[in-house]
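Here's a quick briefing to read alongside the structure. Have the 3D view open and look up each spot as you go.

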Amino acid sequence: MGMNVSRQVDLTENEYLQRFVGKTHVPAYDDDFWNNFLQYHINLPTNSEEQLSLDSRLETLCQSFISHNLHTGNFGSLINVFLLKVSELLTLSDTESNVHIWHAFNALFIIRCLVKYMIETGSEYQLLQHFEALPVQAADSDETPSDGTAAGTSTAIPIDMRAVEETKAAVAKLVDGSKFETFLEALVNIIVVIPVKEFTYHLHLEAVNCMIILLSVSLFSQQTMEKSTIYRTIYRCQHANTLMSALLHFLSRMSQAPQTMFGFGTGGSFVFGIAESLWSILTFARKQPDILTAHDLPTAFREHYPLANQSLLLILILTNHHATKDNPYRISLFGCSDSQDSPKEDPATFKIDFSSLYNTLCRIVTIDQATLLLYLLLYRNQRFQKYVMAQQNLQQLVIPILQTLYNAPDSTSHHIYMSLIVLLILSEDDNFNKSVHQIMLKNITWYTERSISEISLGGLLILVVIRTIQYNMLKMRDKYLHTNCLAALANMSGQFQSLHPYVAQRLVSLFETLAKKHARLDQQLKQPNDPNGEPDISIPIGCGLTSEDMLQDLSVLEEVLRMVLEILNSCLSHQLVYCPNLVYTLLYKRNVFEAFRSHSAFQDIIQNIDMVVGFFSSRLQRVQEQRGELGVTEVLEVISKGASQWSSDRLRKFPDLKFKYVEEDAPEEFFIPYVWTLVCKAGCVHFSSETIKGVSAEIVC
């Protein structure tokens, strides 16, 4: 494993670990053992390499634990100690609870390591067996010492190995999930009841991480989750609203991780008087991360704000499983409302400050998992969608999404797709389509195709979406991505205003590029035996190797061309007076429509464009006859005057372009693999990719 053997000795020779994973039972009432056992300090692993290092050092101990725990019940003792610590925390003051929080965290971390190992190497049933396992002598005595030893003394109870079969039979009857359910309730209590403070931060983080680990059983099992005891228990939790509320608050508040854990300084001392750690699991070298920066936002978010990051991932896991069935977490997220709303509003599952949540999402929306949560809220939570549409600073949300699309090669296809869907959902609102053209932007330095000193948010959106279409034609070749891009532009087209000259050029150039592809493909079909005719591999669909493929590609291309023409026509029909630069570009590029005037699929809509071009062309000709050659400014002046006399009634009427995003059937097939990919790649918990069986082969840890 690339580990130094001498470093592994630290753990394998530790007397407390050896006793815990060994052949003798350690009762939960042995305070001396547990207080010593839980008095250690660890810096949590934050990447796959560190997790691998820790896993390799713990592997021998975990194997020993698996071999002996069904007979010793020591895991159950640890669970009981943890439950006791949590119950005490709920009644203690801040000054009294420091040691309990430290010990509770350490107990939970050990539980998490063991649960993770059992999930990755065994079955869910075996995991629950270890939760419920009781020691042989204690099976009928509720952990009362058989030799009369007083409670609290450090006495290990030997195990009679001849009773193995009897123990297995007894354990089998007990695997009903009751102990696990109690443990889950304790995790929920930590998350929803104990307030997040500097010295409780890592306990909350560990509780969230432990829930993610438990839910990861779906990664390592091929059984349906309907048959999973863990999933059934989590999804019948009566506190779904409070849990979802707490997780969303963790994200919204984005509390930064404290530089020390429970008061440990760099030297390992404990500020509230506890002696230095009696034993140490592992200390990883740490560099203090920089402030949250855009150039490496995912890493900065994970390292600076791990509780927010993990809470976001847990929200996505809980809401995307059982998406088509009764899912209390899904209902809770989609039914929450703004804490500033009037009490007379319809009942909500819980309330949260939408302003804080919106501002947080604006800060991190370029992160894959944040885009997915934004999609869920906009698509499923009508209150949140209404709130977003009413914001005056929409550029804070939209510009980062456009940057994601602009930097498409640096993003996953799923992230690009979800970013486009978010834009499509936003474009369904007419007020959004109006306001984006009223928000003016200056010096967009990341848009490098052309230097633009000033442009509207709407114009920038059009440019980036057109660029995405062209990128898709060359790289991704996804028909649905084309459709969603064009649907967003179509929804906006009736509200296009004050289009920048470059935006108008790009709109018409998009049609021109597609028209050239159409001509080449049509020529290949007419001359299939031409030895010099090579298939156009940049056609959106198919590879052009057979006539049947090329016919299908031609059909798709004609659908896209038709949609671009409809977008141009919609703008001319509704906003011609406000778009002189588009009219100018159409006059300049009138020849690109020549080949489609007699084509049955485009004839009707081309007539409208020809009518506009003919009207302004004749006016320009008359003015030129009077003044001579006209410059750009003069041409635009003629167009503006002519627009005031133009009547759109002359044009043939077409239905308004309105597209609405509708989630496909069986959304779990797309979203569950997507979510677990995000958990593996962007989370603070790292899994063994070698043993993943369920969910999807696309997941890479």
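Let's start with the chain as a whole: among the contacts in the protein chain with a separation of 6 or more, 76% come from residues 24 or more positions apart. Keep in mind that you're looking at a predicted model. The protein chain has 29 helices and six strands, and 56% of its 701 residues count as buried.

**Helix α7, mostly covered**

- Helix α7 runs over residues 124-132, and seven of its nine residues are buried.
- The buried ones are Glu-124, Leu-127, Leu-128, Gln-129, His-130, Phe-131 and Glu-132.
- Phe-131 turns up again in a cluster linked by ring pairs, together with Tyr-16, Phe-20, Phe-33, Trp-34, Phe-37, Phe-65, Phe-75, Phe-82, Phe-180 and Phe-183.

**Helix α28, with a buried side**

- Does the length of helix α28 (residues 632-645) add up, or what span should its 14 residues have? At 1.5 Å a residue they should span 20 Å, and the end C-alpha atoms are indeed 20 Å apart, so the two values agree.
- Which residues of α28 are buried? They're Val-635, Val-638, Ile-639, Gly-642 and Ala-643.
- These buried residues cover an arc of only 140 degrees around the axis, so they sit on the same side of α28.
- Here's the general idea behind that: an α-helix has 3.6 residues a turn, so residues three or four places apart point the same way.
- Now flip to the face of α28 turned away from the buried side, and you'll find the exposed residues Thr-633 and Ser-644.
- The cover over the buried residues of α28 includes α26 (580-588) and α27.

**Ser-617 in helix α27**

- Ser-617 belongs to helix α27, which covers residues 603-627.
- Skip the neighbours within four places in sequence, and Ser-617 is in contact with Leu-587 and Arg-590.
- With Arg-590 there's a polar contact between the side chains, at 3.2 Å.
- Ser-617 and Val-583 are 34 residues apart in sequence, and their C-alpha atoms are 10.0 Å apart in space.

**Aromatic rings**

- A pair of aromatic rings is described by two things, the distance of the centres and the angle of the planes.
- How many aromatic pairs are there? The count comes to 36.
- One of them is Phe-354 with Tyr-387, an edge-to-face pair with 5.7 Å from centre to centre and 65 degrees between the planes.
- This pair links distant parts of the chain: Phe-354 is in helix α16 (residues 354-364) and Tyr-387 is in helix α18 (residues 382-389), 33 residues apart.
- Are these two rings' residues buried or exposed? Phe-354 has a relative accessible area of 1%, so it's buried, and Tyr-387 is buried with 18%.
- Tyr-387 also pairs edge-to-face with Tyr-358, at 6.1 Å centre to centre and 75 degrees between the planes.
- That pair, too, links distant parts of the chain, with Tyr-358 in helix α16 and Tyr-387 in helix α18, 29 residues apart.
- Tyr-358 has a relative accessibility of 2%, so it counts as buried.
- For a charge and a ring together, look at Arg-467, which lies over the face of Tyr-406 at 3.9 Å from the ring centre.

**Two loops to look at**

- The loop between α23 (479-493) and α24 (501-526) holds Gln-495, and Ser-498 is found there as well.
- Gln-495 counts as buried, because its relative accessibility is 16% and the cut-off for buried is under 20%.
- Apart from neighbours within four places in sequence, Gln-495 is in contact with Asn-433, Lys-434, His-437 and Gln-575.
- Ser-498, on the other hand, counts as exposed at 53% relative accessibility.
- Ser-498 isn't a glycine, yet it has a positive phi of about 50 degrees.
- Where is Asn-443? You'll find Asn-443 in the loop between β5 (440-442) and β6 (454-456).
- Asn-443 has a positive phi too, near 50 degrees, and is a residue other than glycine.
- With 56% relative accessibility, Asn-443 counts as exposed.

Technical notes:
Residues are numbered from 1 along each chain as its sequence is written. This is a predicted model: local features need pLDDT of at least 70, side-chain atom pairs count only at pLDDT 80 or more; totals for chains, interfaces and linings use all residues. Side-chain values use heavy atoms; hydrogens and water are left out. Buried means under 20% relative accessible area, exposed over 50%, partly exposed in between (1.4 Å probe, protein chains only). Helices (H or I, at least four residues) and strands (E, at least two) are DSSP runs, numbered from the N terminus. Contact means heavy atoms within 4.5 Å. A polar contact is a pair of N or O atoms within 3.5 Å; within protein, one must be able to donate a hydrogen and the other to accept it, and residues adjacent in sequence count only if both atoms are side-chain atoms. The expected span of a helix is 1.5 Å times one less than its number of residues. The arc is that of the directions from the helix axis to the C-beta atoms. Rings of Phe, Tyr and Trp (its six-membered ring) pair if their centres lie within 6.5 Å; planes under 30 degrees apart count as stacked, over 60 as edge-to-face and the rest as tilted. A charge sits over a ring if NZ of Lys or CZ of Arg is within 6 Å of the ring centre and within 35 degrees of the ring normal.
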